[in-house]
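Work through the exercises below with the sequence and the model open. Each task is followed by a solution in steps.

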Amino acid sequence: LCAWLGWRDRLINDGVLLVAAVLEIGLVVLAVLAVARFRQIDPAAEGATFLAYALSLPAVPPFATLLAIREKSRWSMIVGVVAGFTVAVMAARIAQIWSLYA
């Protein structure tokens with residue numbers, strides 16, 4: 001959505017805010033579940049990485065949203081694209097670590 005809006009030179013709108021809010025709720029649920037199952041992960045191997053990703057991931061969408069609201073150019077949507085890519089990569093890494101110990 002952000003890439004399409006950025007390509008069309010649009011600014012952040014209610015649709016992007018709604019998607020960010022739903023994403024944030026999902027990431028907070030993921031963080032709570034990750035902390036609850038942290039004891040299953042081997043702390044010597046991947047435990048710190050798993051916990052750091054799980055706890056820092058919910059901070060990405062609000063920070064990117066605030067930055068996109070503040071910026072009044074097409075770069076605001078590029079921030080959204082980078083934030084979306086960051087969330088996808090970090091969530092995939094959490095899933096990868098989680099599947100090793102599940």
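**Exercise 1.** Is S76 buried or exposed, and what is its relative accessible area?

Solution. The model is a predicted one. Start with the location: S76 belongs to helix α5. Next, take the accessible area. The relative value for S76 is 0%. The cut-off for buried is under 20%, so S76 counts as buried. Last, list what S76 touches: leaving out residues up to four places away in sequence, these are L11, I12, A68 and E71.

**Exercise 2.** Describe the overall make-up of the chain.

Solution. Count the elements: there are five helices and zero strands. In sequence order the pattern reads α-α-α-α-α. Then take the extent of the chain. Along the principal axes, its C-alpha atoms fill a box of roughly 45 × 20 × 20 Å. For burial, 28% of the 102 residues count as buried. For contacts, consider those with a separation of 6 or more: residues 24 or more positions apart account for 74% of them.

**Exercise 3.** Compare the end-to-end span of α5 with the expected value, then find its buried residues and their partners.

Solution. Helix α5 has 27 residues, and at 1.5 Å a residue these should span 39 Å. The end C-alpha atoms of α5 are 40 Å apart, so the span agrees with the expected value. Now pick out the buried positions: S76, M77, G80, A83, V87, M90, I94, I97 and W98. These buried residues of α5 pack against α1, α2, α3 and α4.

**Exercise 4.** Treat α2 in the way α5 was treated, and look at what precedes it.

Solution. Helix α2 covers residues 14-36, 23 in number. From first to last C-alpha α2 reaches 33 Å, close to the expected 33 Å. Its buried residues are V16, A20, E24, L27, A31 and A34. The cover over them includes α1 (2-7), α3 (43-56), α4 (60-70) and α5 (75-101). At the N-terminal end of α2, N13 acts as a cap, with a side-chain oxygen 3.1 Å from the backbone nitrogen of G15. In the loop between α1 and α2 lies D9. The phi angle of D9 is near 60°, a positive value in a residue other than glycine.

**Exercise 5.** Which residues does P61 contact, leaving aside its neighbours within four places in sequence?

Solution. Place P61 first: this proline is in helix α4. With a relative accessible area of 7%, P61 falls under the cut-off, so P61 is buried. Beyond its neighbours within four places, P61 is in contact with L23, E24, L27 and V87. Of these, E24 and L27 are among the buried residues of α2, and V87 is among those of α5. A separate check on distance uses A83: P61 and A83 are 22 residues apart in sequence, and their C-alpha atoms are 6.6 Å apart in space.

**Exercise 6.** How many residues line the largest pocket, and which lie nearest its centre?

Solution. The volume of the largest pocket is about 270 Å³. Its lining holds 18 residues, with C2, V16, A20, G80 and G84 nearest the centre. The elements that give two or more residues to this lining are α2, α4 and α5. The most come from α5, which gives six. Sorted by class, the lining has 14 nonpolar, four polar and no charged residues. Finally, cross-check with burial: V16 and A20 are among the buried residues of α2, and G80 is among the buried residues of α5.

Key: Residues are numbered from 1 along each chain as its sequence is written. This is a predicted model: local features need pLDDT of at least 70, side-chain atom pairs count only at pLDDT 80 or more; totals for chains, interfaces and linings use all residues. Side-chain values use heavy atoms; hydrogens and water are left out. Helices (H or I, at least four residues) and strands (E, at least two) are DSSP runs, numbered from the N terminus. The expected span of a helix is 1.5 Å times one less than its number of residues. Buried means under 20% relative accessible area, exposed over 50%, partly exposed in between (1.4 Å probe, protein chains only). Contact means heavy atoms within 4.5 Å. A polar contact is a pair of N or O atoms within 3.5 Å; within protein, one must be able to donate a hydrogen and the other to accept it, and residues adjacent in sequence count only if both atoms are side-chain atoms. On a 1 Å grid over the protein atoms alone, a cavity is a set of points where a 1.4 Å probe fits but cannot get out, and a pocket is an open set with protein on both sides within 12 Å along at least five of seven lines; lining residues have an atom within 4 Å of a point. Grid points are joined across faces, edges and corners, and a volume is the space filled by probe spheres set on the points. Ala, Val, Leu, Ile, Met, Phe, Trp, Tyr, Cys and Pro count as nonpolar, Asp, Glu, Lys and Arg as charged, and the others, Gly among them, as polar.
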